[in-house]
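Me: I'd like to learn how to read helices, pockets and cavities in a protein model. Could you walk me through this one?

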Amino acid sequence: MIIWYELTLFGVSTHIISDVFFSSESDYVKKIKFLLGSFAIGFGFRPLGAFVFGYIGDKYGRRKILLTSVILASISSTAIAVIPSFREIGIFSPVLLLLCRIIQGMAAGGETSINSAFLIEHSSDKKNLGFLGSMKAFSGALGSITCLVMIAICKKFTGESYGIWGWRLPFYFCFIMGVIGFSIRCMMEESLAYKVHDQNKSLSNSPFLELIRGYKKAFVIAIGLGIAQNAIVYSAIMFYNISVKELILSNIDIKNVVRIISEIIFGVSAVLFATLSDKVGRKNVMVPLLIVLACISLPAFSLLSCDNHYIITPVYLLMTIPISASFGIYNSLACELFPTKVRCTGFSLAHNISAGIFGGLSPSICMWLIEKTETKIAAGIYLTICALISLISVLQIKAKDRKVDW
């Protein structure tokens, strides 16, 4: 919840953050590029966090890593609230923002995949792994909804001061969420899978080396699986936030309402499709979803970058269904590719390489392609290619590749 709360807050606050942390002399386009760069930097450090935390998670236990990551994520997110503006401390303002984004990226690298492995490995009958894996996407949607509700409350009580200082209040709330998250994880036991392998002395002394030696194919497939969803979802969010600047009807922030509806669709769709995959098989659900994403990316991103919110809104909401469904299934599908002794290292590295490169850079790549080609369809072509890469990856998975070993 904290990771997606912060991601949503950063994306929704694009215009305010660009004004506060970057030079007022820069034009709007330059500010957006700087902000996209800071967004990408956070993602760029995810693989490093995944490497460090994944290694420790496989060797010393999942629970310890999740306690550490929730502390780092909440403190770095809260710190953004206290950074002075560019007008007050000059270049140190964006530098401190980037430092917070780096720490957030490191924490997210350990958090966003190991938490799914932790949940999945608690299953004793192993028949509901898809459902358990979808809880990450569901809790992410809850985090985004919580963020949007907090923004609405803060805007209501701060009024015109929201753009001056009121925007900092939702960042302070990250600290409260961190305390709750840490308390919950303190009460949780280590995962069943890890305890079984720890008792049997079958854990690896060098998880990364063993991953590279014995599970290269699974690792490459897992990276490919995450490309489509990460590239498309973050591009869609950024396109929507940039294209629809402000939309107020009868004193209701319609843009915020649309975001909340999309997150409800996201959370529900992720759980439903993941539960379906428990009954009919992961590939049988994932393959049609990726075909749909490949087909709709081409026209959808041209429509998302137009100036008409009556077109942008329904397109954005409809795209949410296949994107969220793929997110819901991905966690269990990728987790099952790795045995317990390298699961954290393999899954976290694979997920965060695809998220770090394609999730973090895709919004910037889409904007660059549109600028260079002077056609909006260029972004759609790029994202269609991303969907096809993931489709090829999922088709490589065989029944023997499933490793549920506890």
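Reply: Happy to. Helices here are DSSP runs of H or I with at least four residues, strands are E runs of at least two, and both are numbered from the N terminus. This is a predicted model, so local features need pLDDT of at least 70 and side-chain atom pairs count only at pLDDT 80 or more, while totals for chains, interfaces and linings use all residues. Residues are numbered from 1 along each chain as its sequence is written, and side-chain values use heavy atoms, with hydrogens and water left out.

Me: Let's begin with empty space. Which helices each supply at least two residues of the lining of the largest pocket?

Reply: The general idea comes before the case. Rolling a probe the size of a water molecule over the atoms shows where empty space is left. The search uses a 1 Å grid over the protein atoms alone: a cavity is a set of points where a 1.4 Å probe fits but cannot get out, a pocket is an open set with protein on both sides within 12 Å along at least five of seven lines, and lining residues have an atom within 4 Å of a point. Grid points are joined across faces, edges and corners, and a volume is the space filled by probe spheres set on the points. In this model, the largest pocket has a volume of about 710 Å³. Its lining has 27 residues, of which M1, E111, N115, S139 and R185 are the closest to the centre. The helices that each give at least two lining residues are α1, α5, α7, α8 and α9.

Me: How does the lining of that pocket divide by class?

Reply: For the classes, Ala, Val, Leu, Ile, Met, Phe, Trp, Tyr, Cys and Pro count as nonpolar, Asp, Glu, Lys and Arg as charged, and the others, Gly among them, as polar. The lining of the largest pocket has 17 nonpolar, seven polar and three charged residues.

Me: And how many cavities of 30 Å³ or more does the search find?

Reply: Five, over the whole structure. The largest cavity holds about 160 Å³ of space. Among the 16 residues lining this cavity, L7, T8, G11, I237 and N241 are the closest to its centre. Helices α1, α8, α12 (216–243) and α13 (254–280) each supply at least two lining residues, and α1 has the largest share, with five. By class, the largest cavity is lined by nine nonpolar, five polar and two charged residues.

Me: What lines the second largest cavity?

Reply: This cavity has about 130 Å³ of space, and its lining includes W4, V233, F266 and Y316. At least two residues come from each of α12, α13 and α15 (309–335), with α15 giving the largest share, four residues. The classes here are eight nonpolar, two polar and one charged.

Me: Now a helix on its own. What span should α9 have?

Reply: The expected span of a helix is 1.5 Å times one less than its number of residues. Helix α9 (residues 169–187) has 19 residues and should span 27 Å; its end C-alpha atoms are 29 Å apart, which agrees.

Me: Which residues of α9 are buried?

Reply: Buried means under 20% relative accessible area, exposed over 50%, and partly exposed in between (1.4 Å probe, protein chains only). In α9, the buried residues are P170, F171, C174, M177, G178, G181 and R185. Seen down the axis of α9, they fall within an arc of 120°, so they line one face of the helix; the arc is that of the directions from the helix axis to the C-beta atoms. Contact means heavy atoms within 4.5 Å, and the elements covering these buried residues include α1, α2 (14–21), α5, α7 and α8.

Me: Where do the buried residues of α10 lie?

Reply: Helix α10 (residues 192–199) has A193, Y194 and H197 buried. Down the axis of α10, these buried residues fall within an arc of 95°, so they too line one face of the helix. Their cover includes α4 (46–60), α5 and α16 (343–373).

Me: What follows α10?

Reply: K201, in the loop between α10 and α11 (207–214). Phi of K201 is positive, near 55°, in a residue other than glycine, and K201 is exposed at 71% relative accessibility.
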